[in-house]
Amino acid sequence: MTTETDANNNQLPSTDEYHSKKVSPPPTRSGVNYINVEDEDQMEIYGYTPNFAKTLLTWTLILLTGGLLRLLFHWKPHWMLLCTHNLCSLEYAKKVLLIDHFHQKFTETVVCLSNDRLSYHNAHGAAAAAADQQNTSTTSATAVGDDPEDQHWITVPRPYGVFEHVSSITYFENKKVRYIWDRNAKEFLKLGGLDREIKCTYFYQQKGLSAEHQRRRQVVYGLNQIVVTVQSVYGILISEVLEPFYIFQIFSLVIWSFDAYYYYASCIVIMSALSLTSSVIQTRRNQKQLRDTVQGTDSVMVYRGGEGGGGTGADNYEKVESSQLVPGDIIEVPSFGCIMQCDAVLISGNVIINEAMLTGESVPVTKTPLPSTTLHMLYDSKEHAKHTLFCGTKVIQTRYYNNVKVRAVIIRTGYQTAKGELVRSIMFPKPVDFKFNRHIHQFIGFLSFLALIGFVYTIILKAYRGVYLTQIMLKALDLITIIIPPALPAAMTIGVVFAQSRLRKAEIFCISPRSINISGCINCVCFDKTGTLTEDDLNFSEVVPVAETAAGLRLSAAVHHPVTGLEYGPLMISLAVCHSLTLIEGKIIGDPLDQKMFAATEWILEEPDVNDTTKYDLLAPTVVKPPTDSADKEVGILRQFPFSSSLQRMSVIARQVRGTQFELYAKGAPEMIQSLCDPRSLPADFSARLQEYTEKGYRVLGLAYRPLASMNYSKVQRAAREDLEKNLTFVGLLVMGNMLKPETTHVIETLLMANIRSVMVTGDNMLTALSVARECSMIQPWHKVILLEDGPGLGAAESEGEEAVPTIRWKFANSMAHIPDINFKLASAEDRDRIHIAVTGRTFKVLREHYPEVLKKVAVRGTVFARMAPEQKQQLIELLQELGYYVGMCGDGANDCGALKAAHAGVSLSETEASVASPFTSKQPNIGCIPTLIQEGRASIVTAFGILKYMACYSLTQFISVIILYTFYSNLTDKEFLYIDLFLITLFVTLFGRNKAFKQLNRNPPPSSLIGLTPLSSIVLQILLVLLMQAFVVDYLLFKKLKQWFAFLAPSHLPYEKIEGETRNNTLWLPNPPQNTPILERTTTSSLSTTTTSDASSNHSRLGPLGGDGSGSHVVLNGSAAHHRGPHQQQQRLDGGSDHLQQATSQFSIV
């Protein structure tokens, strides 16, 4: 078996050592029904119908067990379903069982909604089936455009934006998502909005909904609210108390109370009360904070100009609460600003909006209307994000022209919105499959097995000795509380609590404490580049214009000061107008790169001093001009095409005030601008100069323009972006300095020394990313870098209707020669250390679709992933997890939310609300938080290991001791138990947790598994040592030395009859002395030590004062007279208190 190694020659963990849950769903199985097929939340679904006999039997057993069985069903709801229902077809199901790919099980109730009234789904008889068939063939085919006489129809969404009227619907809800039964497809389908299989022109065809149509859709979609339920104090308390941890504590308290062990029981009650109070307060506070953050309603103007609206005027608006909105409503976006309460597609006007809630980027973004000319395109939320207003974002300003108000069509409401999905991910997080947690459960199972052995042993031993049944059960159950410490769950969280406190002092805030332990196992960290490794703000460095030379077009010398070094022309105008800047309260607001570029020109940006909502009534709402001599040089910006990460460019349409034509100016990635330009306008040294800048770590953008000589104002406003952004003329390169943050290099070197892999995942240029990787020591200067690139497709010809499969080729960085063979093998391990793979997002996509096995190898060896889209960043994180890595992700929040949520430990450097998507948020905007987080995670997991081993040894040692003492009719006293349970455990566990993290990251991380030679051997050897020592003490002291410690007494008269009435069979006697030697041995069973008669009654053990297991004195009789009662009666015991002892000993005399 070969061993994989990564770029640092670190041996990759095997699947057994590091088991990570796959984010992508597993393949479907035949014969099994699914919902959300091939989606991330794919789940198996099974239908169940009630069974009266099984239900009656189950509730009978619940009553007979005193409710304990119902408590078990509370922990395992699907068991209750299996015990009371029969498996059936989904069509007739009243309840469904859902199983996701994390093996989580959910039980949901199927509901039938008919004529706006809620009723449980009835069993389908023949008549009901016939009625359903009739409804399906008649009413369900009624289109929305019809106006049925019955006003109680329910409107159900169908594909392509079509809505149908039905008399009833059947559905269930899971994780705030509704699934509706489709009678035609015979399956439950996820309720969707107007964001799938919808053409862009659909939104422009909408005329608004009447109040009646809005109500019908509301029956299906529900209220437009993101409801976070705040439970009552009583409800939280009950749910906490019913947890297994507290149930076991209640069980322990009951046993201890019957056993008169009041000291520690009182302490447990106090500690549990404090813990419950703290938990209830914290839970309720968190629920309130989440509710206050996400919930909100507002008044919205809804357009009623269409279906059943009762009017056709342009001003037919109605003011409603935002909670009443449904998909298909047309709303007016207010000019004074608001918080969006839904997801909507913009169809008129422009909106300046702050999307910090979702992206972490606090820079305002300009939203433009959805292009109406792309008739062939289907709407896509990611592709058309620049035309979509998302729920939770803040509208700063709106602008329109020709008195057409800013309007948008609602596509999603409630939990279907982008904000709703974010809240759902917080309320229902993906389970963290941490091997250490699984081993803790296995360890508790092992302790339970030992407890069962001790339980059986105690019952057999006590029953043989004739102890009362109540005392047998009391002692046997008490043994369970000894071997399974009730304080174990609380003790395991001590390290996490103290680690979280130390992280807070380091300004690293955690909203998911369970992620702290996992962060200690991180062996791979992915970093965004801009704003994370490098400074967020780019500095204007220089601009490189195109010049005509004798040898053709060439890039001339760089210009550092455009004001003095550039003439008024296309390049200067590109710098001045190709941006999305705007004025808000007299201050220029926009992307930092645009601000730096515009500031370098020293031009002035003006917007007419009129109401913002009417600025678009002017021909040019934004005008830029030079600071001096600007009479004939003013340029108006008429239309903007915002920057798109998928298109890798932005553009504007502008016109000079004295000009006679419109012009398009574009700015974007050099490779993209190159592909859009007329080849004749490209300088010969374009690639060489670009490589020169990118290798030095600069961020380079290409600039180009195109005269629109044959287009008038109307055509310019309506033309499609794709038709305008082509045949451009290249005018130059814009060079921006992107310097490393001071902490970056030291942190990367620290991780390298700790054997933790570092990976760069960026949307920037490949050469720039490689330069930054070398500068920060992610790639050493002497290391080689292999660039993987996709080549021309091979395979079936296009005429055959099959898509050709792209090829993959590679080359060394700084080399122009490609090598088509991708089966490259390294000659030695030393070469393996010095090789890194770099991949672009385009190649990553090709590998993912056509070469998945090669992609796995690339993920193992890859160091730089450039030009990666946001979803590709998340896919890379998931791929690394599938390969067995514990992955950390550090980003500044912009376009990194998906990757931050997918990583085992995501760290956001953004202080905005986008940090909700990440378990950790650092207030220090640099990657210095990563080593600190890993250190504290390692400290927490080491603390957890130490506490677990300590608790294991403590419980097993006490278990062995009690078993031995049970055998010799004894037990520990109350005060001894109290000393052990309260001081030895609580004090040491607290001190364990206060151990601080080591200041350096060691190359050898702490173990993350209990199943290993080191952790198991330390526990086993300790227990063996304890067992041997206790066996030695019993053998040596009890059988060899104990006889020397007692006086020999000879009886003058033996009260056999009285002694025989006592608990004669409850003592294991010492070996007999020589025959005919009458003696009286006076012993005690309190820790095998002697006591006086006065101590006997006061030295009460945990097992009480009953004979045979108390700590009273024992009188052992042995003499020649004993043989008259037979061999089995040669030994008798007098027990039960000092009175009996005095009565018996008064009849003896010392020999």
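Trainee: Which residues of α12 meet residues of α13 in this model?

Mentor: From α12, the participants are Leu447, Leu450, Ala451, Gly454, Phe455, Thr458, Ile459, Lys462 and Ala463, and from α13 they are Ile472, Met473, Lys475, Ala476, Leu477, Leu479, Ile480 and Ile483. By class, this contact has 13 nonpolar, 2 polar and 2 charged residues. Please keep in mind that the model is predicted.

Trainee: How is the packing of two helices described, and what are the values for α12 and α13?

Mentor: Two packed helices are described by the angle between their axes and by the distance between those axes. Here the axes of α12 (residues 435-464) and α13 (residues 469-483) come within 9 Å and cross at roughly 155 degrees. Because angles over 145 degrees count as roughly antiparallel, α12 is roughly antiparallel to α13. The crossing of α12 with α13 is right-handed.

Trainee: At what angle do α8 and α9 pack, and is their crossing left-handed or right-handed?

Mentor: Helices α8 and α9 pack at about 155 degrees, and their axes are 9 Å apart. They are therefore roughly antiparallel to each other, and their crossing is left-handed. On the α8 side the contact involves Tyr246, Gln249, Leu253, Trp256 and Ser257, which meet Tyr262, Tyr264, Ala265, Ile268, Val269, Ser272, Ser275 and Leu276 in α9. By class there are 9 nonpolar, 4 polar and no charged residues in this contact.

Trainee: How many residues has the largest nonpolar core, and which of them have the most contacts inside it?

Mentor: The largest nonpolar core has 55 residues, and those with the most contacts inside it are Trp256, Phe436, Ile483, Met492, Leu948 and Met951. At least two residues each come from α8 (244-258), α9 (262-294), α12, α13, α14 (488-492), α31 (929-967), α32 (974-993) and α33 (1013-1041). The largest share, 16 residues, is supplied by α31.

Trainee: Which residues does isoleucine 483 touch?

Mentor: Leaving aside residues up to four places away in sequence, isoleucine 483 touches Leu447, Leu450, Ala451, Ser955, Leu956 and Phe959. Apart from the core just described lies another, of 42 residues, among them Val525, Leu533, Met778 and Val864.

Trainee: How many residues of α25 are buried, and which are they?

Mentor: Helix α25 (residues 766-775) is mostly covered, with 7 of its 10 residues buried. These are Met766, Thr768, Ala769, Leu770, Ser771, Val772 and Ala773. Serine 777, which follows α25, has a positive phi near 75 degrees.

Trainee: Where do tyrosine 160 and lysine 186 lie, and what are their phi values?

Mentor: Tyrosine 160 is placed in the loop between β9 (154-157) and β10 (163-166). Its phi is near 65 degrees, a positive value in a residue other than glycine. Tyrosine 160 counts as exposed because its relative accessibility is 59%, the cut-off for exposed being over 50%. Lysine 186 lies in the loop between β12 (177-182) and β13 (187-190). Although not a glycine, lysine 186 has a positive phi of about 55 degrees. With a relative accessible area of 46%, lysine 186 is partly exposed.

Trainee: How many helices and strands are there in the chain, and what percentage of the residues count as buried?

Mentor: The chain contains 36 helices and 49 strands. Of its 1151 residues, 52% count as buried. Among contacts between residues at least 6 apart in sequence, 70% join residues at least 24 apart.

Note on methods
Residues are numbered from 1 along each chain as its sequence is written. This is a predicted model: local features need pLDDT of at least 70, side-chain atom pairs count only at pLDDT 80 or more; totals for chains, interfaces and linings use all residues. Side-chain values use heavy atoms; hydrogens and water are left out. Axes are lines fitted to C-alpha atoms, for helices over the stretch in contact, and angles run from 0 to 180 degrees between N-to-C directions. Helices (H or I, at least four residues) and strands (E, at least two) are DSSP runs, numbered from the N terminus. Angles under 35 degrees count as roughly parallel, over 145 as roughly antiparallel, 65 to 115 as roughly perpendicular and the rest as oblique. A crossing is left-handed if the near helix is turned anticlockwise from the far one by less than a right angle, and right-handed if clockwise. Contact means heavy atoms within 4.5 Å. Ala, Val, Leu, Ile, Met, Phe, Trp, Tyr, Cys and Pro count as nonpolar, Asp, Glu, Lys and Arg as charged, and the others, Gly among them, as polar. A nonpolar core is a set of buried Ala, Val, Leu, Ile, Met, Phe, Trp, Tyr and Cys residues joined through side-chain atoms within 4.5 Å. Buried means under 20% relative accessible area, exposed over 50%, partly exposed in between (1.4 Å probe, protein chains only).
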